[in-house]
Amino acid sequence: MWRVGTVVALHDETATARTITLEVPDWPGHFAGQHVDVRLTAGDGYFAVRSYSIASAPNSERHVEITVERLPNGEVSPYLTQELAVGDRLELRGPIGGWFVWHTQQTEPIQLIAGGSGIVPLMAMIRSRASTGSAAPFRLLYSVREPGAVFYRDDLQALSDQDHSLGLTYAYTRVAPKDWPRPAGRIDAALIANTTWPSKLVPTCYVCGPTSFVESASRLLTASGNDPEKIRTERFGPTGDRQ
Ligand SMILES: Cc1cc2nc3c(=O)[nH]c(=O)nc-3n(C[C@H](O)[C@H](O)[C@H](O)COP(=O)(O)OP(=O)(O)OC[C@H]3O[C@@H](n4cnc5c(N)ncnc54)[C@H](O)[C@@H]3O)c2cc1C
């Protein structure tokens with residue numbers, strides 16, 4: 001079933017990523033980690049459909065936020081990040097997905113690992129945890145190209161300052177801030193060992209990002225002793241070079 005949402009706010013997260021807030025009067029509610037399909041239809045009836053994770057917490061009544069990273073040669077993401085305006089209407093279908101979700105009843109340690117825009121559904125989990133007062137211990141390992149590519153930086157910092165059981169680690173793949181303790185580079189076994197929950201605590205792990213990022217991070221988690229059945233993954237796209 002396609003629903004119609006009206007754009008009520010736009011916010012640039014980075015030079016290439018924009019958060020779109022939609023008001024959807026008949027939104028049925030969602031779980032953190034789910035996504036929507038967005039359909040754009042041209043005047044001649046041609047249409048394109050793309051999936052976008054929901055960034056907002058489940059209790060954001062009738063409001064749904066998505067954050068879109070612009071791909072330079074993309075068909076849909078340049079429109080959503082550059083042309084869509086407040087007041088425009090957008091067709092969406094969802095919420096979709098039942099496996100890559102975090103429920104507020106979960107109390108075990110949670111390990112989140114994001115590559116680039118893969119932070120979006122994990123942010124919904126972090127927001128859901130904060131808004132319901134859950135005490136589930138969370139750790140986020142967030143891999144991005146460079147400091148300017150971080151989404152939700154202020155929100156993440158504020159949430160982690162308020163609640164020390166939300167641990168944040170940034171890993172920069174191309175350019176690290178001056179004096180950063182680790183040189184720029186991809187996530188490796190040492191970083192997993194030093195910053196993620198020990199496998200003996202049996203965390204549930206959520207890994208999201210470009211396909212090859214997800215595969216590599218999942219392999220590292222398994223190699224460090226995590227049960228593959230406790231690793232849930234969401235793949236955003238074909239390439240591995242964007243985080
Ligand atoms: C479940 C799910 C959730 C998603 N959530 C988000 C989200 O929250 N935010 C977000 O920005 N994107 C998300 N995506 C990716 C999104 O659906 C689109 O693939 C993306 O916006 C590109 O669409 P486009 O029309 O601009 O590019 P296209 O015209 O489809 O593709 C242009 C070129 O980029 C390549 N490409 C397509 N998608 C990707 C990708 N993700 N990574 C690298 N290269 C790609 C294509 O192979 C092609 O060469 C999600 C995908 C899935 C499956």
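Two strands count as paired here if DSSP finds at least two bridges between them. Keep that in mind as we walk through this predicted model, starting with its sheet.

Six strands make up an open sheet, and reading across it you get the order E4-E3-E6-E1-E2-E5, with antiparallel pairing. The edges belong to strand E4 (47-53) and strand E5 (63-69), each of which pairs on one side only. Don't picture the strands as lined up: neighbours in this sheet are turned by 40 degrees against each other on average, ignoring direction. For a look at one pairing, take strand E1 (residues 2-12) and strand E2 (residues 17-23), which run antiparallel and are joined by six bridges. Within that pair, Leu-10 has Ile-20 in E2 as its bridge partner.

Now for the ligand. It has 23 residues around it, and the closest are Arg-50, Ser-51, Tyr-52, Glu-69 and Ser-77. Which residue puts a side-chain N or O atom 2.6 Å from a ligand oxygen? That's Ser-77. The backbone joins in too: a polar backbone atom of Glu-75 sits 2.9 Å from an oxygen atom of the ligand, and a polar backbone atom of Ser-53 is 3.1 Å from a ligand nitrogen.

Last stop, the second largest pocket, with a volume of about 200 Å³. It is lined by 14 residues, and the closest to its centre are Arg-39, Leu-40, Thr-41, Ala-42 and Tyr-79. Strand E3 (35-41) and strand E6 (89-96) are the elements that each give two or more residues to this lining. Chemically, the lining of the second largest pocket splits into nine nonpolar residues, four charged and one polar.

Conventions:
Residues are numbered from 1 along each chain as its sequence is written. This is a predicted model: local features need pLDDT of at least 70, side-chain atom pairs count only at pLDDT 80 or more; totals for chains, interfaces and linings use all residues. Side-chain values use heavy atoms; hydrogens and water are left out. On a 1 Å grid over the protein atoms alone, a cavity is a set of points where a 1.4 Å probe fits but cannot get out, and a pocket is an open set with protein on both sides within 12 Å along at least five of seven lines; lining residues have an atom within 4 Å of a point. Grid points are joined across faces, edges and corners, and a volume is the space filled by probe spheres set on the points. Helices (H or I, at least four residues) and strands (E, at least two) are DSSP runs, numbered from the N terminus. Ala, Val, Leu, Ile, Met, Phe, Trp, Tyr, Cys and Pro count as nonpolar, Asp, Glu, Lys and Arg as charged, and the others, Gly among them, as polar. Axes are lines fitted to C-alpha atoms, for helices over the stretch in contact, and angles run from 0 to 180 degrees between N-to-C directions. A residue is near a molecule or strand if one of its heavy atoms lies within 4 Å of it. A polar contact is a pair of N or O atoms within 3.5 Å; within protein, one must be able to donate a hydrogen and the other to accept it, and residues adjacent in sequence count only if both atoms are side-chain atoms.
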